[in-house]
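Trainee: I should like to learn how the features of a structural model are read. May we go through one together?

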Amino acid sequence: MIIKRFRAENFRNIEKCDIEFSPGVNLLYGKNAQGKTNVVEGIYYFSRGRSFRGREDKELIRFGEEGFRISLDFEDECGRESLEYAVFGKERLRKKNGYKINKVTEMIGSFKAVLFYPDNLGLVKDGPEERRSFLNIAASSCYPLYIKYYSDYKKALENRNCILKMMQKGLYIDRTELDSWSASMAEYASYIYLMREDYVKKLTVYAAEVMKEISDGSEELSIIYESNIASGITDRQNVKSEYERIFSSSLDREIAAGITLFGPHRDDLDIRINGIGARAFASQGQQRSIVLALKLAEGEVIKEICGEYPVFLFDDVLSELDDRRRRYVLEGRGDRQIIITGCNKAECIGFTDKEIEVIGGKYVSSHR
Ligand code: ATP
Ligand code: MG
């Protein structure tokens, strides 16, 4: 997957831009607060269906304006594609290849990108939500039905939690509604579990390979998917029965807590280096390496499942990597398009195919 062109109007600090990208390594460089990450944010919007920095579209509108427009031309196995998104007041306009589309879910899925940015370090050291969110985003770019199952699961979970809260307060005693939400949750959970299981199995192999390479063979990375299902159960009906059993057997505790205590919304990843838990024991450098390994592996899994590489977006992370890791990221990635941002052009000397200087929301390109 190769981005050809990104255009934006009244998006963040960009009044208007039209940037063409090279299929290789593209560097956006410039001083702080000039609009480097804004481009990455605009591009990644098409992969995720929302910004990775804020929840609300209105934050993305250039100060003093009423709306914004972003568009992306890219090339994949199907040929040239384009996506467009515009916001004006409460209006939203989405287009794919020039035709209007109604749902965000129709927009996401066609353009695939992997994003690595400084906050990603939370993946190793923060709580399980970060790792679940990583799993959700990564799995949804590989399995088209994942988002649907996950959002259906979340809806059922909300309803079940609501009933549990009422039962906790002694306000509700009819069990049939609760049972019906438990049954729906078990159904959706079984799909989510199996996709996550498959995903983590594939991810682990690639991530361990990258880790070995960047640590000169000294660090062995392992990732274990932690869920309520015992490993070895692979049949969907059996997974579903297992969730049904878990939901009914823990009911007394759940009523006492007023919340659902088990299920995919509580899953986690156990990340280890040389057998030791990374969350508690990995050094800063090791944490960076783990996240880098996970991000590069994320791209490999997309290639394995979908048949082509995503675009790699590295926002402001190069300066945190040592020479060996930086070289590993930038060298010999012939069939992968990379878009990097950074303040220091010198960090990338010899690796870039295109350099774009960013000054106050303006983009000036020069080819190597
Ligand atoms: P750094 O090197 O610090 O990461 P950057 O070049 O990546 O900087 P961006 O995050 O892309 O910087 O852009 C930040 C600039 O965009 C800031 O000057 C900020 O005030 C401005 N900005 C953010 N949102 C808006 C908006 N809605 N309207 C206008 N300007 C905005
Ligand atoms: Mg930035």
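Mentor: We shall take the ligand site, the backbone, the cores and some individual residues in turn. Please keep in mind that this is a predicted model.

Trainee: Let us begin with the ligand. Which residues around ligand 1 come nearest?

Mentor: One starts by listing the residues that have a heavy atom within 4 Å of the ligand. Here there are 17 residues around ligand 1, and those that come nearest are Ala33, Lys36, Thr37, Asn38 and Ile61. Sorted by class, this shell holds seven charged, six polar and four nonpolar residues.

Trainee: Which polar atoms of the protein lie close enough to count as partners of ligand 1, and at what distances?

Mentor: The idea is to look for pairs of N or O atoms within 3.5 Å. In the side chain of Asn32, an N or O atom is 2.9 Å from an oxygen atom of ligand 1. Gln34 takes part through its backbone, where an N or O atom lies 3.0 Å from a ligand oxygen atom. For Glu59, a polar backbone atom is 3.0 Å from a nitrogen atom of ligand 1. As to cover, ligand 1 taken alone exposes 660 Å², of which the protein buries 76%.

Trainee: I turn to the backbone. Which residues have a positive phi although they are not glycine?

Mentor: Two cases may be set side by side. Asn10 has a positive phi of about 50°, and Ala33 has one of about 60°. Asn10 belongs to strand β1, residues 2–11, whereas Ala33 sits in the loop between β3 (25–29) and α1 (36–48).

Trainee: Are Asn10 and Ala33 buried or exposed?

Mentor: A residue is called buried under 20% relative accessible area and exposed over 50%. Asn10 has a relative accessibility of 16%, so it counts as buried. Ala33 has a relative accessible area of 76% and is therefore exposed.

Trainee: How should I read the largest nonpolar core, and which members touch the most other members?

Mentor: A core is traced by joining buried nonpolar residues through their side-chain atoms. The largest one has 68 residues, and Leu221, Ile223, Tyr243, Ile290, Leu294, Phe314 and Ile340 touch the most other members. Helix α6, residues 175–214, gives the most to this core, with 14 residues. For Phe314, contacts beyond its neighbours within four places in sequence include Phe116, Leu292, Val329 and Ile338. There is also a second, separate core of 38 residues, with Ile3, Phe21, Ala113 and Tyr363 among them.

Trainee: What surrounds Asp267, and is this residue buried or exposed?

Mentor: For a charged residue, one reads accessibility together with the contacts. Asp267 is in the loop between α8 (251–257) and β10 (268–273). With a relative accessibility of 1%, Asp267 counts as buried because the limit is under 20%. Its side chain makes a polar contact of 2.5 Å with that of Tyr225. Apart from neighbours within four places in sequence, Asp267 is in contact with residues including Arg132, Arg196 and Glu226.

Trainee: Where does Arg326 lie, and what does it touch?

Mentor: Arg326 is part of helix α11, residues 323–330, and at 14% relative accessibility it counts as buried. Not counting residues up to four places away in sequence, Arg326 touches Leu318, Leu321 and Glu347.

Trainee: How does Lys154 compare with the limits for burial?

Mentor: Lys154, in helix α5 (residues 146–168), has a relative accessible area of 35% and is therefore partly exposed. Its C-alpha atom is separated by 9.7 Å from that of Pro264, 110 residues apart along the chain.

Conventions:
Residues numbered from 1 in each chain as written. Chains lettered and ligands numbered in written order. Predicted model: local features only at pLDDT ≥ 70, side-chain atom pairs only at ≥ 80, totals over all residues. Heavy atoms only, no water. Polar contact = N/O pair within 3.5 Å; in protein donor to acceptor, adjacent residues only side chain to side chain. Areas by Shrake-Rupley, 256 points an atom, 1.4 Å probe, with all protein chains shown as cover. Nonpolar A, V, L, I, M, F, W, Y, C, P; charged D, E, K, R; others polar. Helix = DSSP H or I, 4+ residues; strand = E, 2+ residues; numbered from the N terminus. Buried < 20%, exposed > 50% of the residue type's maximum accessible area, 1.4 Å probe, protein only. Core = buried A, V, L, I, M, F, W, Y, C linked by side-chain atoms within 4.5 Å. Contact = heavy atoms within 4.5 Å.
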